[in-house]
Amino acid sequence: MIVPVYFNYGRPITLIDGELTPTLVCPAVRSETAALAGTAAAGLDELANLIGRSRANILAELDIATSTQTLARRLNLTPGAVSQHTKVLREAGLLTTTRTGQSVRHTLTTLGRTLRGG
């Protein structure tokens, strides 16, 4: 569940309790033009306003498990930058990370998929 809160000026927080639905509490967009958009591009813009353009782009790229290197190449970011962004997204409960040898693959969680709009 995503709960936009108008008076939340900080970072989004994740509330997880084993018996309740995981909840992402995030700042509401403070704009009259922030109505939910009907297109994927506009939806990505709204998500970028909430979590930042690079993090929104990472979520948009994760239709299947994707490596840090692949994300870096597709988004024209350094692998280090992708790692920093995926760490924040993982801590927020939006993706999971699996390491196999030296390869690290990222996958959306149900919460991440919901936030992304799919």
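Select Asn76 to begin: this residue follows α3 and has a positive phi, near 55 degrees. The model is predicted, so local features are given only at pLDDT of at least 70 and side-chain atom pairs only at pLDDT 80 or more, while totals for chains, interfaces and linings use all residues. Residues are numbered from 1 along each chain as its sequence is written, and side-chain values use heavy atoms, with hydrogens and water left out.

**Colour by confidence**

Colour the chain by pLDDT, the predictor's confidence in each residue, from 0 to 100. The mean over the protein chain is 78, and 71% of its residues reach 70 or more. Now select residues 31–40, where pLDDT stays under 50. The model has five contacts for this stretch beyond four places in sequence; a contact means heavy atoms within 4.5 Å.

**Show the cartoon**

The protein chain has five helices and six strands. Along the sequence they follow the pattern β-β-β-α-α-β-α-α-β-β-α. Helices (H or I, at least four residues) and strands (E, at least two) are DSSP runs, numbered from the N terminus.

**α3 and what it packs against**

Go back to α3, residues 68–75. Its buried residues are Thr68, Thr70, Leu71, Ala72 and Leu75. Buried means under 20% relative accessible area, exposed over 50%, and partly exposed in between (1.4 Å probe, protein chains only). The buried residues of α3 pack against α2, β4, α4 and β6. Across the whole protein chain of 118 residues, 30% count as buried.

**α2 and the nonpolar core**

Next select α2, residues 53–61. Ala56, Ile58 and Leu59 are its buried residues. They lie on the same side of α2, because they cover an arc of only 155 degrees around the axis. The arc is that of the directions from the helix axis to the C-beta atoms.

Show the side chain of Ile58. Beyond four places in sequence, Ile58 touches Leu71, Leu75, Val82, His85, Thr86 and Leu89. Ile58 is also among the residues with the most contacts inside the largest nonpolar core, together with Leu59, Leu89 and Leu94; this core has 19 residues. α1 (40–51), α2, α3, α4 (79–91) and α5 (110–116) each supply at least two of its residues. A nonpolar core is a set of buried Ala, Val, Leu, Ile, Met, Phe, Trp, Tyr and Cys residues joined through side-chain atoms within 4.5 Å.

**The loop after α2**

Select Leu62, in the loop between α2 and β4. With 1% relative accessibility, Leu62 counts as buried. Its contacts, leaving aside neighbours within four places in sequence, are Leu71, Leu95, His106, Leu108, Arg113 and Arg116. Draw a distance from Leu62 to Arg105: their C-alpha atoms are 9.9 Å apart, with their positions 43 residues apart in sequence counted as separation.

**The open sheet**

Now display β4, β5 and β6. These three strands form an open sheet in the order β4-β6-β5, with antiparallel pairing. β4 and β5 (95–100) stand at the edges with a single partner strand each, so one side of each has no neighbour in the sheet. Two strands pair if DSSP finds at least two bridges between them.

β4 (residues 66–67) and β6 (residues 103–108) pair over two bridges. On the other side, six bridges join β5 to β6. Select His106 in β6: His106 is the bridge partner of Thr66 and also of Thr97. β5 and β6 form a hairpin with two residues between them, and Gly101 in the turn has a positive phi of about 65 degrees.

In β4, pick Ser67. Ser67 is buried, with a relative accessible area of 10%. Outside its neighbours within four places in sequence, Ser67 contacts Ser103, Val104, Arg105 and His106.

Then add α4, which lies across β5 and β6 and runs at about 125 degrees to β5. Axes are lines fitted to C-alpha atoms, for helices over the stretch in contact, and angles run from 0 to 180 degrees between N-to-C directions.

**Last stop: β3**

Select Cys26, in strand β3 (residues 23–27). Cys26 counts as buried at 3% relative accessibility. The C-alpha atoms of Cys26 and Ile51 are separated by 9.0 Å, and the two residues are 25 apart along the chain. For the protein chain overall, residues 24 or more positions apart account for 36% of the contacts with a separation of 6 or more.
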